[in-house]
Amino acid sequence: MLLTLLLWQTSTTTPAIELTGRFQNPRITESSGVAVSRTHRGTLWTHNDSGDGPYLFATDLRGADRGAICVSGARAVDWESIALGPCPLGGRQGACLYVGDTGDNLERRKNATIYSVPEPDPPTSPADTQRVTAAALALNFRYPDGSQDVEAMYVSPRDTAVYLVSKGRGGKIRLYRAGRDAWQSPQPVKVQLVQTLPIVPKARAGRRVTDAAIRPDGGLVAVRTYNEIYFFTPGPGGRLTPSGKPCALDRLGRVGEGIAFLDEGTVVLTNEGNPLGPGTIHTVRCPR
(Lines give C-alpha, C1' and ligand atoms only; values in the text may rest on other atoms or scores of the structure.)
Protein backbone atom coordinates (compact mmCIF):
# COMPACT_ATOMS: atom_id res chain seq x y z
CA MET A 1 0.00 0.00 0.00
CA LEU A 2 2.81 2.40 0.92
CA LEU A 3 4.58 1.66 -2.36
CA THR A 4 1.36 2.41 -4.25
CA LEU A 5 1.06 5.77 -2.45
CA LEU A 6 4.67 6.68 -3.15
CA LEU A 7 4.28 5.83 -6.85
CA TRP A 8 1.07 7.87 -7.03
CA GLN A 9 2.69 10.91 -5.42
CA THR A 10 5.86 10.82 -7.54
CA SER A 11 4.00 10.22 -10.81
CA THR A 12 2.82 13.78 -11.34
CA THR A 13 1.39 15.54 -14.36
CA THR A 14 2.55 18.87 -15.82
CA PRO A 15 -0.16 21.56 -15.78
CA ALA A 16 -0.73 24.67 -17.87
CA ILE A 17 0.17 27.54 -15.53
CA GLU A 18 -0.48 31.21 -16.24
CA LEU A 19 0.55 34.19 -14.13
CA THR A 20 -2.49 36.46 -14.26
CA GLY A 21 -1.53 39.19 -11.80
CA ARG A 22 0.12 40.45 -8.64
CA PHE A 23 -1.62 41.93 -5.63
CA GLN A 24 -1.73 45.71 -6.01
CA ASN A 25 -3.07 46.36 -2.52
CA PRO A 26 -0.03 46.85 -0.26
CA ARG A 27 -2.07 45.57 2.68
CA ILE A 28 -2.18 42.08 1.15
CA THR A 29 1.19 40.77 2.25
CA GLU A 30 0.38 37.10 2.96
CA SER A 31 -2.62 35.95 0.96
CA SER A 32 -3.45 32.76 2.83
CA GLY A 33 -6.69 31.77 1.12
CA VAL A 34 -8.86 32.66 -1.86
CA ALA A 35 -12.53 32.32 -2.80
CA VAL A 36 -14.13 32.95 -6.20
CA SER A 37 -17.42 34.83 -6.04
CA ARG A 38 -20.27 33.25 -8.00
CA THR A 39 -22.53 36.27 -7.52
CA HIS A 40 -20.12 39.09 -8.35
CA ARG A 41 -18.46 38.04 -11.57
CA GLY A 42 -14.69 38.52 -11.65
CA THR A 43 -14.35 39.09 -7.90
CA LEU A 44 -11.90 37.17 -5.73
CA TRP A 45 -11.89 37.34 -1.93
CA THR A 46 -8.69 36.90 0.05
CA HIS A 47 -7.25 37.61 3.50
CA ASN A 48 -3.91 37.78 5.23
CA ASP A 49 -2.26 35.20 7.44
CA SER A 50 -1.73 35.88 11.16
CA GLY A 51 -0.83 39.40 12.22
CA ASP A 52 -3.72 41.23 10.53
CA GLY A 53 -7.19 42.17 11.69
CA PRO A 54 -10.46 40.50 10.56
CA TYR A 55 -10.38 41.92 7.03
CA LEU A 56 -11.44 40.54 3.68
CA PHE A 57 -9.90 42.04 0.55
CA ALA A 58 -11.61 42.20 -2.83
CA THR A 59 -9.49 41.70 -5.93
CA ASP A 60 -9.56 39.98 -9.31
CA LEU A 61 -7.31 37.76 -11.43
CA ARG A 62 -5.09 40.75 -12.18
CA GLY A 63 -4.67 41.54 -8.50
CA ALA A 64 -6.52 44.88 -8.65
CA ASP A 65 -7.04 46.74 -5.37
CA ARG A 66 -10.82 46.87 -4.91
CA GLY A 67 -10.86 47.78 -1.23
CA ALA A 68 -11.43 45.95 2.04
CA ILE A 69 -14.25 45.03 4.38
CA CYS A 70 -14.20 44.17 8.09
CA VAL A 71 -15.90 40.98 9.30
CA SER A 72 -18.21 42.06 12.11
CA GLY A 73 -17.80 40.21 15.39
CA ALA A 74 -14.79 38.18 14.27
CA ARG A 75 -11.30 37.91 15.70
CA ALA A 76 -8.22 37.07 13.66
CA VAL A 77 -5.80 34.87 15.57
CA ASP A 78 -4.46 32.91 12.59
CA TRP A 79 -6.74 33.04 9.57
CA GLU A 80 -5.67 30.38 7.08
CA SER A 81 -8.48 29.70 4.63
CA ILE A 82 -11.62 31.09 3.04
CA ALA A 83 -14.40 29.26 1.23
CA LEU A 84 -17.73 29.97 -0.39
CA GLY A 85 -20.75 27.79 0.19
CA PRO A 86 -24.39 27.60 1.21
CA CYS A 87 -25.14 29.47 4.42
CA PRO A 88 -25.14 27.18 7.48
CA LEU A 89 -28.51 28.24 8.89
CA GLY A 90 -31.88 28.53 7.20
CA GLY A 91 -33.29 31.94 6.36
CA ARG A 92 -30.11 33.31 4.83
CA GLN A 93 -30.43 33.60 1.10
CA GLY A 94 -27.52 33.32 -1.32
CA ALA A 95 -24.00 32.21 -0.51
CA CYS A 96 -21.92 32.67 2.60
CA LEU A 97 -18.21 33.20 3.03
CA TYR A 98 -16.50 30.95 5.56
CA VAL A 99 -13.20 31.95 7.14
CA GLY A 100 -11.08 29.41 8.99
CA ASP A 101 -9.25 30.75 12.04
CA THR A 102 -7.53 27.38 12.30
CA GLY A 103 -3.80 28.02 12.04
CA ASP A 104 -1.75 26.50 14.85
CA ASN A 105 1.93 26.15 13.99
CA LEU A 106 2.80 24.90 17.48
CA GLU A 107 -0.35 22.74 17.68
CA ARG A 108 -1.30 24.11 21.09
CA ARG A 109 -4.68 25.75 20.52
CA LYS A 110 -7.42 24.17 22.60
CA ASN A 111 -10.17 25.35 20.26
CA ALA A 112 -10.30 26.78 16.75
CA THR A 113 -13.01 28.85 15.06
CA ILE A 114 -14.77 29.07 11.72
CA TYR A 115 -16.70 32.23 10.88
CA SER A 116 -19.59 32.39 8.44
CA VAL A 117 -21.03 35.58 6.99
CA PRO A 118 -23.36 36.26 4.03
CA GLU A 119 -21.22 37.23 1.06
CA PRO A 120 -21.24 41.04 0.99
CA ASP A 121 -21.29 43.32 -2.02
CA PRO A 122 -17.64 43.96 -2.89
CA PRO A 123 -16.06 47.32 -2.11
CA THR A 124 -15.94 49.64 -5.09
CA SER A 125 -12.43 51.13 -5.00
CA PRO A 126 -9.11 51.13 -3.14
CA ALA A 127 -10.48 53.91 -0.91
CA ASP A 128 -13.53 51.84 0.03
CA THR A 129 -12.23 50.34 3.29
CA GLN A 130 -14.77 51.32 5.94
CA ARG A 131 -17.49 48.79 5.25
CA VAL A 132 -18.52 46.12 7.76
CA THR A 133 -20.21 42.80 7.01
CA ALA A 134 -23.32 41.49 8.69
CA ALA A 135 -22.65 39.91 12.07
CA ALA A 136 -20.64 36.73 11.63
CA LEU A 137 -21.71 33.36 13.00
CA ALA A 138 -18.94 31.58 14.89
CA LEU A 139 -18.40 27.83 15.12
CA ASN A 140 -15.98 27.01 17.93
CA PHE A 141 -14.61 23.50 17.79
CA ARG A 142 -11.86 21.09 18.74
CA TYR A 143 -10.44 17.98 17.12
CA PRO A 144 -11.06 14.46 18.43
CA ASP A 145 -7.35 13.59 18.37
CA GLY A 146 -5.72 16.68 19.85
CA SER A 147 -4.64 20.07 18.52
CA GLN A 148 -3.96 20.30 14.78
CA ASP A 149 -2.45 22.87 12.46
CA VAL A 150 -5.06 23.28 9.71
CA GLU A 151 -4.76 25.59 6.71
CA ALA A 152 -7.25 23.92 4.37
CA MET A 153 -11.04 24.11 4.40
CA TYR A 154 -13.94 23.67 2.01
CA VAL A 155 -17.73 23.66 2.30
CA SER A 156 -19.76 20.99 0.55
CA PRO A 157 -22.56 22.43 -1.63
CA ARG A 158 -24.39 19.11 -1.17
CA ASP A 159 -24.79 18.95 2.61
CA THR A 160 -23.35 22.30 3.85
CA ALA A 161 -20.79 20.43 5.96
CA VAL A 162 -17.43 22.11 6.54
CA TYR A 163 -14.39 19.94 5.85
CA LEU A 164 -10.93 20.62 7.27
CA VAL A 165 -7.62 19.10 6.16
CA SER A 166 -4.66 19.07 8.52
CA LYS A 167 -1.28 20.32 7.31
CA GLY A 168 0.55 17.12 8.18
CA ARG A 169 2.91 18.32 10.89
CA GLY A 170 2.18 15.28 13.02
CA GLY A 171 3.05 12.77 10.31
CA LYS A 172 -0.44 12.25 8.86
CA ILE A 173 -2.79 14.35 6.77
CA ARG A 174 -6.31 13.98 8.08
CA LEU A 175 -9.78 15.04 6.94
CA TYR A 176 -12.31 16.30 9.50
CA ARG A 177 -15.99 17.17 9.17
CA ALA A 178 -18.30 19.61 10.97
CA GLY A 179 -21.93 18.99 10.08
CA ARG A 180 -24.51 21.72 9.58
CA ASP A 181 -26.06 21.10 12.99
CA ALA A 182 -22.76 22.01 14.69
CA TRP A 183 -23.53 25.70 14.12
CA GLN A 184 -26.42 25.53 16.56
CA SER A 185 -24.29 24.52 19.54
CA PRO A 186 -23.51 27.29 22.06
CA GLN A 187 -20.49 25.30 23.27
CA PRO A 188 -17.38 24.19 21.37
CA VAL A 189 -18.14 21.04 19.40
CA LYS A 190 -15.91 18.11 18.54
CA VAL A 191 -15.51 17.68 14.78
CA GLN A 192 -15.56 14.22 13.23
CA LEU A 193 -12.43 12.49 11.94
CA VAL A 194 -13.43 11.25 8.48
CA GLN A 195 -10.21 9.61 7.30
CA THR A 196 -6.46 9.82 6.93
CA LEU A 197 -5.78 10.99 3.39
CA PRO A 198 -3.40 8.96 1.18
CA ILE A 199 -0.84 11.77 1.01
CA VAL A 200 2.46 11.11 2.76
CA PRO A 201 3.71 14.45 4.18
CA LYS A 202 7.31 15.33 3.42
CA ALA A 203 8.49 18.75 4.59
CA ARG A 204 11.65 18.87 2.45
CA ALA A 205 9.60 18.21 -0.68
CA GLY A 206 7.05 20.87 0.25
CA ARG A 207 4.37 18.26 0.86
CA ARG A 208 2.43 20.06 3.56
CA VAL A 209 -1.22 20.95 2.94
CA THR A 210 -1.83 24.70 2.59
CA ASP A 211 -5.41 24.82 1.28
CA ALA A 212 -8.26 22.88 -0.32
CA ALA A 213 -11.28 23.63 -2.50
CA ILE A 214 -14.37 21.90 -3.81
CA ARG A 215 -15.83 22.34 -7.27
CA PRO A 216 -19.16 24.26 -7.24
CA ASP A 217 -21.06 21.11 -8.24
CA GLY A 218 -19.49 19.20 -5.34
CA GLY A 219 -18.02 16.56 -7.63
CA LEU A 220 -14.28 17.17 -7.16
CA VAL A 221 -12.01 18.27 -4.33
CA ALA A 222 -8.55 19.78 -4.81
CA VAL A 223 -6.00 19.62 -1.99
CA ARG A 224 -2.98 21.90 -2.39
CA THR A 225 0.49 21.47 -0.94
CA TYR A 226 3.37 23.87 -1.54
CA ASN A 227 4.36 22.01 -4.71
CA GLU A 228 1.41 19.85 -5.77
CA ILE A 229 -2.34 19.63 -6.24
CA TYR A 230 -4.11 16.37 -5.40
CA PHE A 231 -7.61 15.67 -6.71
CA PHE A 232 -10.25 13.55 -5.00
CA THR A 233 -13.83 12.45 -5.62
CA PRO A 234 -16.12 12.91 -2.58
CA GLY A 235 -18.20 9.93 -1.54
CA PRO A 236 -20.62 8.96 1.25
CA GLY A 237 -19.90 10.72 4.50
CA GLY A 238 -17.49 13.06 2.74
CA ARG A 239 -14.79 10.40 2.29
CA LEU A 240 -12.33 11.20 -0.49
CA THR A 241 -11.06 8.84 -3.19
CA PRO A 242 -8.01 9.81 -5.30
CA SER A 243 -8.90 10.98 -8.81
CA GLY A 244 -6.07 11.05 -11.33
CA LYS A 245 -2.42 11.87 -10.77
CA PRO A 246 -1.17 14.78 -8.66
CA CYS A 247 -0.39 18.00 -10.51
CA ALA A 248 3.13 19.45 -10.09
CA LEU A 249 3.52 23.11 -9.05
CA ASP A 250 7.28 23.32 -8.57
CA ARG A 251 7.59 25.82 -11.41
CA LEU A 252 5.82 28.48 -9.36
CA GLY A 253 8.78 29.06 -7.04
CA ARG A 254 6.60 30.79 -4.42
CA VAL A 255 5.17 30.09 -0.98
CA GLY A 256 1.92 28.58 -2.16
CA GLU A 257 -1.16 29.17 -0.06
CA GLY A 258 -4.69 29.59 -1.49
CA ILE A 259 -6.64 27.53 -4.02
CA ALA A 260 -10.18 27.81 -5.42
CA PHE A 261 -12.02 26.49 -8.46
CA LEU A 262 -12.38 29.16 -11.13
CA ASP A 263 -14.43 26.91 -13.39
CA GLU A 264 -14.89 23.17 -13.93
CA GLY A 265 -11.34 22.58 -15.16
CA THR A 266 -9.35 25.54 -13.83
CA VAL A 267 -8.16 26.48 -10.36
CA VAL A 268 -6.83 29.83 -9.18
CA LEU A 269 -3.85 29.93 -6.82
CA THR A 270 -2.64 32.76 -4.60
CA ASN A 271 0.87 32.97 -3.24
CA GLU A 272 2.52 35.04 -0.55
CA GLY A 273 4.72 38.03 -1.33
CA ASN A 274 8.46 38.07 -0.73
CA PRO A 275 11.27 40.67 -0.75
CA LEU A 276 11.28 40.53 -4.55
CA GLY A 277 7.68 41.62 -4.93
CA PRO A 278 4.02 41.26 -3.97
CA GLY A 279 2.11 38.02 -3.90
CA THR A 280 1.05 36.45 -7.18
CA ILE A 281 -2.11 35.02 -8.71
CA HIS A 282 -2.00 32.10 -11.15
CA THR A 283 -4.52 30.00 -13.00
CA VAL A 284 -3.76 26.30 -13.41
CA ARG A 285 -5.27 23.68 -15.67
CA CYS A 286 -4.21 20.16 -14.75
CA PRO A 287 -4.49 17.26 -17.23
CA ARG A 288 -7.46 15.14 -16.21
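The following exchange concerns pockets, cavities, strand pairing and disulfides in a predicted model.

User: Which element gives the most residues to the lining of the largest pocket?

Analyst: The largest pocket of this predicted model holds about 270 Å³ of space. Among the elements that give two or more residues to its lining are strand 2 (31–36), strand 11 (150–155) and strand 21 (256–263). The most is given, with 5 residues, by strand 6.

User: Which residues lie nearest the centre of the largest pocket?

Analyst: The lining of the largest pocket divides into 18 nonpolar, 1 polar and 2 charged residues. Of the 21 residues in this lining, those nearest the centre are Arg38, Leu84, Gly85, Ile214 and Pro216.

User: How many charged residues are in the lining of the second largest pocket?

Analyst: The second largest pocket has a volume of about 230 Å³. Its lining includes Arg38, Arg41, Asp60 and Arg62, along with residues such as Val36, Thr43 and Leu262. The division is 4 nonpolar and 3 polar, and the number of charged residues is 4.

User: What is the volume of the largest cavity?

Analyst: The structure holds 2 cavities of 30 Å³ or more. The lining of the largest cavity includes Thr102, Asp104, Phe141 and Gln148, and it divides into 3 nonpolar, 4 polar and 4 charged residues. The volume of this largest cavity is about 40 Å³.

User: Which residues line the second largest cavity?

Analyst: The second largest cavity has a volume of about 30 Å³. Its lining divides into 2 nonpolar, 4 polar and 2 charged residues. The residues concerned are Asn48, Asp49, Ser50, Gly51, Asp52, Gly53, Ala76 and Trp79.

User: Which strands are the edge strands of the open sheet with the order 1-23-22-21?

Analyst: This open sheet is formed by 4 strands with antiparallel pairing. An edge strand pairs on one side only, and this applies to strand 1 (16–22) and strand 21.

User: By how many degrees are neighbouring strands of this sheet turned against each other on average?

Analyst: The sheet has the strand order 1-23-22-21. With direction ignored, its neighbouring strands are turned against each other, on average, by 25 degrees.

User: Which residue is the bridge partner of Ala16 in strand 23?

Analyst: Strand 1 and strand 23 (residues 280–285) run antiparallel and are joined by 6 bridges. Within strand 23, the bridge partner of Ala16 is Arg285.

User: Is strand 16 largely enclosed by the rest of the structure or open, judged by how many of its residues are buried?

Analyst: Strand 16 (209–214) is among the elements that give two or more residues to the lining of the largest pocket. Because 6 of its 6 residues are buried, strand 16 is, with respect to the rest of the structure, largely enclosed.

User: Which residue in the hairpin of strand 16 and strand 17 takes a positive phi?

Analyst: Strand 16 and strand 17 (residues 221–225) run antiparallel, with 5 bridges between them. Ala213 stands opposite Ala222 in strand 17. The hairpin has 6 residues between the strands, and the residue with a positive phi near 80 degrees is Gly218.

User: Is the link of Cys87 and Cys96 right-handed or left-handed?

Analyst: The sulfur atoms of Cys87 and Cys96 are 2.1 Å apart and form a disulfide. Both Cys87 and Cys96 are buried. The angle about the S-S bond is 95 degrees, and the link is right-handed.

User: How many residues apart are Cys247 and Cys286?

Analyst: Cys247 and Cys286 form a disulfide, with 2.1 Å between their sulfur atoms, and the link is left-handed with -95 degrees about the S-S bond. The pair links distant parts of the chain: Cys247 belongs to strand 20 (residues 247–248) and Cys286 to the segment after strand 23, and the two are 39 residues apart.

User: Is Cys286 buried or exposed?

Analyst: Its partner Cys247 is buried, with a relative accessible area of 0%. For Cys286 the relative accessible area is 10%, and buried means under 20%. Cys286 is therefore buried.

User: Why does Cys70 form no bond with the closest cysteine sulfur?

Analyst: The structure holds 2 disulfides, and the bonded cysteines, numbered in sequence order, pair as 1-2, 3-4. A disulfide requires sulfur atoms within 2.5 Å. The sulfur of Cys70 is too far from the closest cysteine sulfur, in Cys96, because the distance is 17 Å.

Technical notes. Residues numbered from 1 in each chain as written. Predicted model: local features only at pLDDT ≥ 70, side-chain atom pairs only at ≥ 80, totals over all residues. Heavy atoms only, no water. 1 Å grid on protein atoms, 1.4 Å probe; cavity = no way out; pocket = protein on both sides within 12 Å on 5 of 7 lines; lining within 4 Å. Points joined across faces, edges and corners; volume = space filled by probe spheres on them. Nonpolar A, V, L, I, M, F, W, Y, C, P; charged D, E, K, R; others polar. Pairing = 2+ DSSP bridges. Axes fitted to C-alpha atoms, helices over the stretch in contact; angles between N-to-C directions. Buried < 20%, exposed > 50% of the residue type's maximum accessible area, 1.4 Å probe, protein only.
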